[in-house]
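Trainee: I should like to learn how to read a structural model feature by feature. May we begin with a single residue and then widen the view?

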Amino acid sequence: MKIYKLKRTIGIAILLGLGFHEKSYAGSYGDIYGAHPGAAGMGSAVTAIVNNSSAVFYNPAGLGRLSEGDLILAAIEKEARSNNPENPSPENKDVPPVVPPNVDPSDPANQPPVVVVGPWYKRLWIDTKEGFTKDVFKYKPANRPERSVHEVTFQYMYANPTSHTTAPRNQNLNKIRDSFVGLGLTLNLNDMFDMSRGFRFGINAIVPGSGNLLTLNDQNPTVPRYLQQGVSNERPTIMGGLGLEIWKDRLFAGVGFTALAGGTGSILMKDVPISPDPVSANSQVILTVKPLINPTYGLQFSYGKFSLGASYKRETVMQVDPVPARAQTTLLGIQLDFDLAILDGFNPRVFSYGLGFRPNDRLVLSFDVNREIWSQFKLSRIKEKYSEHFYLHDTTNFRIGAEYALFKFLKTRLGFATRPTPLPSMPGANNWMDSDRNIYSLGFSYVFSPTTFKFMNRLRKPLIFDVVIENHQLKANEVNKYTPTERNPNYSYGGYIWTVGVSMTIFF
């Protein structure tokens, strides 16, 4: 009965968020599958170019950039002004433009741009070649909308890992599901205080699609379990941040935060008689919960057609530490103390660096390097004392992505990423399972705006639908034990993961 009371109290503590440690940061769904379908379509190589609600996950400095809604609305307003110029003068419409004084018309710098004519593929080749060779470091001010734009994003990612393993089966290896849902929101704070600069607040929440709010499982590490799939991913990610444009169109800075809860709990059981028969204890649960705010940081810099980005986020560890339980008996005043520490859901500290290149209005290329510090992984106190020790390796991930606008309303994306496993070989008693993986992604973005179709002329601000398809190839592994037994045999594992993600972004 005492054990039952203790389990019930631990469950209550977890539901109230007591289990989050003050060093917590991001959840792992976004790290593995991408925090937004648009970013996932580019292999999540967006540290230098992200500008939507997922910036609080990838790089909070991106909140200071013009969003996709800003750029689309500015283009619509510019087109409207060109079609309906202010203060038209019909009487002067045939008058040739006045040439300013002291301007040499023969100077090539003052010549009108040469318009390439011919087949579409010839125009495309000339535009692309000039994008890589012409005005690479020239400053070009961005078009800004006359109205402030806010955004809200709804997303769903379906992930069904197909794992092939000969390891002893258990609940952590059966029916693995990694689907999740998300909600993102950004607010343009210039509506409140006009700074004539990009200044936005963003928030992003990702929760498991299984319906479980949180799964915290400090099981014996000898039981086979995936490190970055299934139960290990079942935890919510709730983040926010502020982004500010410091140097117009060029330098952006951001600070993010994770709003969590932490504290302590205790169980007081009294009036428990000593008896060989089961007894019902008189128990009292005491919980103390306090809010915890954890900062994160990011920078972005743009010069000409290049963009640079860097971000830093702390490691994740969900922890119930401690949950002291005290039981008192009515005979001889005997007192029993338990000290439990539960540690699970580790996610590494990450340093991200990104480079983006936009040769023209249609094409974007990006490259990211992520350094993940897995060596700070820890077991809970009890497991550390009674389990075999092992140490995870730090890893370096490479990501590359491309985006191309086929039309004004349709973009296509390609991405590739490598994600090596931090696990060492497991020839002893422990049985954590993880694979090196190569990630291939294909994405599309469709924009509904007042200029897309005539019947949408009543639409005041654009809508964006994003779709991504990913394939994770998991490298096959053979685990050979020093002394294989029936309970700890040799085994193999590998497989693949297909994922499909969709999102709808509404600008208002």
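Trainee: Does Glu 315 count as buried, partly exposed or exposed, and why?

Mentor: Please keep in mind that this is a predicted model. The general idea is to compare a residue's relative accessible area with a cut-off, since buried means under 20%. Glu 315 has 6% relative accessibility, and therefore counts as buried.

Trainee: Which residues form salt bridges with Glu 315?

Mentor: One is Arg 314, with the closest N and O atoms 3.9 Å apart. The general cut-off is 4 Å between a side-chain nitrogen of Lys or Arg and a carboxyl oxygen of Asp or Glu. Arg 349 also forms a salt bridge with Glu 315, and there the closest N and O atoms are 2.9 Å apart.

Trainee: How do the two arginines stand in terms of burial?

Mentor: Arg 314 is partly exposed, at 27% relative accessibility. Arg 349 is buried, as is Glu 315. Arg 349 belongs to strand E11 (residues 349-357), whereas Glu 315 sits in the loop between E8 and strand E9 (316-329), so this pair ties together parts that are 34 residues apart in sequence.

Trainee: Which residue forms a salt bridge with Lys 313?

Mentor: The partner is Asp 31, and the closest N and O atoms of the pair are 2.9 Å apart. Lys 313 lies in strand E8 (residues 306-313) and Asp 31 in helix H2, so the salt bridge ties together parts that are 282 residues apart in sequence. Lys 313 is buried at a relative accessible area of 8%, and Asp 31 is likewise counted as buried at 10%.

Trainee: How many salt bridges are there by this rule?

Mentor: The count comes to 14. Salt bridges may also be read as a network: here Glu 68, Glu 403, Lys 411, Arg 413 and Asp 466 are linked in one.

Trainee: Let us turn to nonpolar packing. How many residues does the largest nonpolar core have, and which have the most contacts inside it?

Mentor: The general idea is to join buried nonpolar residues through their side-chain atoms. The largest nonpolar core has 25 residues, and those with the most contacts inside it are Tyr 33, Val 46, Ile 49, Tyr 58 and Phe 180. Two or more residues each come from helix H2 (29-33), helix H3 (37-40), helix H4 (55-58), strand E1 (151-165) and strand E17 (463-479). H4 gives the most to this core, with four residues.

Trainee: With which residues is Phe 180 in contact, leaving aside its neighbours within four places in sequence?

Mentor: Its contacts include Tyr 29, Tyr 33, Gln 155, Tyr 156, Met 157, Ile 206 and Pro 208. A second, separate core of 18 residues includes Leu 173, Leu 227, Phe 377 and Leu 392.

Trainee: Which elements give two or more residues to the nonpolar patch on the surface?

Mentor: They are E1, strand E16 (437-448), E17 and strand E18 (491-507). E18 gives the most to the patch, with four residues. Among the members of the patch are Tyr 156, Phe 444, Val 467 and Trp 498, and its residues together have about 990 Å² of accessible area. Phe 444 lies in strand E16 and is partly exposed, with a relative accessible area of 37%.

Trainee: What should I note about the protein as a whole?

Mentor: The protein contains seven helices and 18 strands. Of its 508 residues, buried ones make up 49%. Among contacts between residues at least 6 apart in sequence, 73% join residues at least 24 apart. The accessible surface comes to about 26,200 Å², with 61% of it belonging to carbon and sulfur atoms.

Trainee: Which elements have the lowest and the highest mean pLDDT?

Mentor: The general idea is to read pLDDT as the predictor's confidence in each residue. Helix H1 (residues 2-15) has the lowest mean, 36, and strand E14 (residues 410-419) the highest, 97. For the protein, the mean is 81, and 78% of residues reach 70 or more. Residues 1-27 have pLDDT below 50, yet this stretch has 83 contacts in the model beyond near neighbours in sequence. Over residues 87-99 the pLDDT is also below 50, and that stretch has zero such contacts.

Key. Residues numbered from 1 in each chain as written. Predicted model: local features only at pLDDT ≥ 70, side-chain atom pairs only at ≥ 80, totals over all residues. Heavy atoms only, no water. Core = buried A, V, L, I, M, F, W, Y, C linked by side-chain atoms within 4.5 Å. Buried < 20%, exposed > 50% of the residue type's maximum accessible area, 1.4 Å probe, protein only. Contact = heavy atoms within 4.5 Å. Patch = residues over 30% accessible without salt bridge, like charges linked within 9 Å, V, L, I, M, F, W, Y side chains within 5 Å. Areas by Shrake-Rupley, 256 points an atom, 1.4 Å probe, with all protein chains shown as cover. pLDDT = per-residue confidence, 0-100.
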